[in-house]
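Here is a short tour of one protein structure. Keep the sequence and the 3D view open as you read.

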Amino acid sequence: MAFLDARSLIGCRHRLHLDAAHPGMLAEVREDPGVQQRREAATAHRARVRDELVAAAPADWVVIDPQLRAGERVAATMAAIESGAPRIWGALLPQEADTGRRGGVEFLLRDEDRGGYIPIIVVNHKVTDPRRPDPADFHPLTSELFQWAPRRDKHVKLRPQPRDQQRLAHLYRMLQRHGMASPALVGGAIGLAFDRILIHDLTTVLADYDQRYADRIAVVRGDLPTQPSKVPECRQCPWWVRGAPAQRPAGPEEVAERDHAGHSGAEQSNTAKPSCEGQLAVLRDVSLVAPGSRAEVLRGHGVQTIDELAAWAGDDPEDWQHGPFTEAVVTARAWIAGAPLVRRFEQVSVRRADVEVDVDLESYQEDGAYLWGTLLDGVYRPFVTWVPLPTVDEGRSFGEFWTWLMQVRADAHAAGKTFAAYCYSRTAEDKWLYESARRFAGEPGVPTHEEVRAFVDSIEWVDMFQAVTEQFICPNGKGLKKIAPVAGFHWRDAEASGEASMGWYRRAVGYDADSDLTQRTRLLEYNEDDVRATQVLRDWMTHKAVDEVPALTDFGR
């Protein structure tokens, strides 16, 4: 009997099929360290929220013991609901054999005005962003944490999280099945900030949820076929490089039994299917060069393969919303030709300066940025704290980094020289510059918000990712690990990645055992390689890219 929880409503349909069809196949596959750490962080966040909410009004709460068996948790939940408990933590709702729904919710709040319960989920991501209380077309509905009091909130803006809305709709339907859902048709989400409850109106979500759920449960039950297609999720999916298991040949008794039942006596195939990556490569599937929704649009126009996209000769599709369609065609042609990059223009340009500093940070989840690495005149300088995050010592290392960077900048200006600092994909650097300035305001060397903004908005803060995006078409992706090798740079550690560094950091600071000093060295070398990669890429773009990279005109329509 197949069941489906809300986690499976978002993401790859083909992975859902493979997981359901081969449930034991991945039992021995080691969970991605980044995924594991995010899951552990979410568990810790929910425990903190539970403890603080329950401590504020213990008499109002029924806390379902998570150590109970599933059936016992369901029984305890139903008993708490039937008794009219004002607030229930850790509810597990009854599985539905006919619909296949199953699920639980962190927080059920009794609707004292209308009856029934409102589902409130606790998530380890941001659900709102701060904003100044200025006029806006829409202000989200929020409530205080400890007293249900919905109001329009002018101090935050909504951060779209479709997975949260789908989960709340799933829980609403489960409550509705037993006549326990509040007629208010709302659900709530407590995010990472733990400062308010964001209230979602479910009236506009349920129709989409019902359609999505019907599709997904049909996939799980084997009633709908699926095919692999490259999407962002593939980067961390074990099925991307792992094929479905081979089926054993049918034995004589099984063949005879099938013959008697009127089925073909042909034996099952003993050949394992190739991995998703392998299948797509054999098919030369268009999603390899146009992943995600791009492939869906192209398939709607009869384009299934990279070769068909490369041969496109008609007008651009009217529903194409992913940049110039010409570049999609060129990407396909470059893939066929084996070209890792294509120049958009005759010349390649990147901002250069007399004094150049490369910058890269390392952070741990949302706890903070523990390392700011820099490269100046070939010398690597790390500004780091090895005190486990979160820690006030992070403010010390950040203040030292900022003071040093601004001094290098001032010295350059005083000498009549130009200055530039470089990063690769500035989103993370900008985030932690602002966050660190806010969290450690007033500490030695820590800038104000206005000082950070003046710097990141200046021409002296250069994003090499943006330079690559503007200058090149990249058939294999635009990440630094994809682009820098084209420029001749290679990392010392073959396992180096942002996800891997999460596990290295835990061992480096002794989260789970004694501190491992070798992991500190590993992190510093990884960070140093990142800033050196940015510098090598910049020099290559300046001096060699024009000669080594084919131009857009070389792949003309």
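The text below covers an open sheet, an enclosed strand, one helix, salt bridges and cysteines.

This is a predicted model, in which local features need pLDDT of at least 70, side-chain atom pairs count only at pLDDT 80 or more, and totals for chains, interfaces and linings use all residues. Residues are numbered from 1 along each chain as its sequence is written, and side-chain values use heavy atoms, with hydrogens and water left out.

## The open sheet

Helices (H or I, at least four residues) and strands (E, at least two) are DSSP runs, numbered from the N terminus. Two strands pair if DSSP finds at least two bridges between them.

Five strands form an open sheet in the order E14-E13-E12-E15-E16. The pairing is mixed. Strands E14 (379-384) and E16 (461-463) stand at the edges. Each has a single partner strand, so one side of each lacks a neighbour in the sheet. From one strand to the next, the twist averages 25°.

Look next at strand E15 (residues 419-423). E15 and E16 run parallel, joined by three bridges. Ala421 is placed opposite Trp461 of E16.

Two helices meet these strands. Contact here means heavy atoms within 4.5 Å. Axes are lines fitted to C-alpha atoms, for helices over the stretch in contact, and angles run from 0 to 180 degrees between N-to-C directions. Helix H16 (residues 498-509) lies across strand E12 (355-364) and strand E13 (368-376). H16 runs at about 75° to E12. Helix H17 (residues 517-543) packs on the sheet and touches E12, E13, E14 and E15. The direction of H17 makes about 140° with that of E12.

## An enclosed strand

Is strand E9 (residues 186-190) buried or exposed? Buried means under 20% relative accessible area, exposed over 50%, and partly exposed in between (1.4 Å probe, protein chains only). Five of the five residues of E9 are buried, so the strand is largely enclosed by the rest of the structure. Val186, Gly188 and Ile190 point one way. Gly187 and Ala189 point the other way.

E9 runs parallel to strand E4 (residues 117-122), with three bridges between them. Val122 sits opposite Ile190 of E9. Strand E10 (residues 197-201) pairs with E9 in the antiparallel sense over four bridges. There, Val186 faces Asp201 of E10. The hairpin of E9 and E10 has six residues between the strands, and Phe194 takes a positive phi near 50°.

## Helix H10

Helix H10 (residues 325-337) has 13 residues. The expected span of a helix is 1.5 Å times one less than its number of residues. For H10 that gives 18 Å, and the end C-alpha atoms are 19 Å apart, which agrees. The buried residues of H10 include Phe325, Val329, Thr331 and Arg333. Its buried residues pack against helices H8 (293-300) and H9 (306-310), and against strands E11 (342-343) and E17 (472-473). Gly338, just after H10, takes a positive phi of about 75°.

## Salt bridges

Side chains of opposite charge can pair when their charged atoms come close. A salt bridge is a side-chain nitrogen of Lys or Arg within 4 Å of a carboxyl oxygen of Asp or Glu. The structure holds 41 of them. The table lists three examples.

| Salt bridge | N to O distance |
|---|---|
| Glu52 and Arg48 | 3.3 Å |
| Asp215 and Arg216 | 3.8 Å |
| Arg522 and Glu495 | 3.0 Å |

Glu52 and Arg48 are four residues apart in helix H2 (residues 33-56), separated by about one helical turn. Glu52 is partly exposed at 36% relative accessibility, and Arg48 is partly exposed at 40%. Asp215 is partly exposed at 22%, whereas Arg216 is buried at 6%.

Arg522 lies in H17, and Glu495 in the loop between helix H15 (480-483) and H16. The pair therefore ties together parts that are 27 residues apart in sequence. Glu495 is exposed, at 51% relative accessibility. Elsewhere, Arg352, Glu356, Asp358, Arg538 and Asp539 are joined into one network by salt bridges that share partners.

## Cysteines

How many disulfides does a search of the whole structure find? Zero, where a disulfide is a pair of cysteine sulfur atoms within 2.5 Å. For Cys12, the nearest cysteine sulfur is that of Cys234, 6.0 Å away. Cys12 is partly exposed at 21%. For Cys423, the nearest cysteine sulfur is that of Cys474, 17 Å away. Cys423 is buried at 0% relative accessibility.
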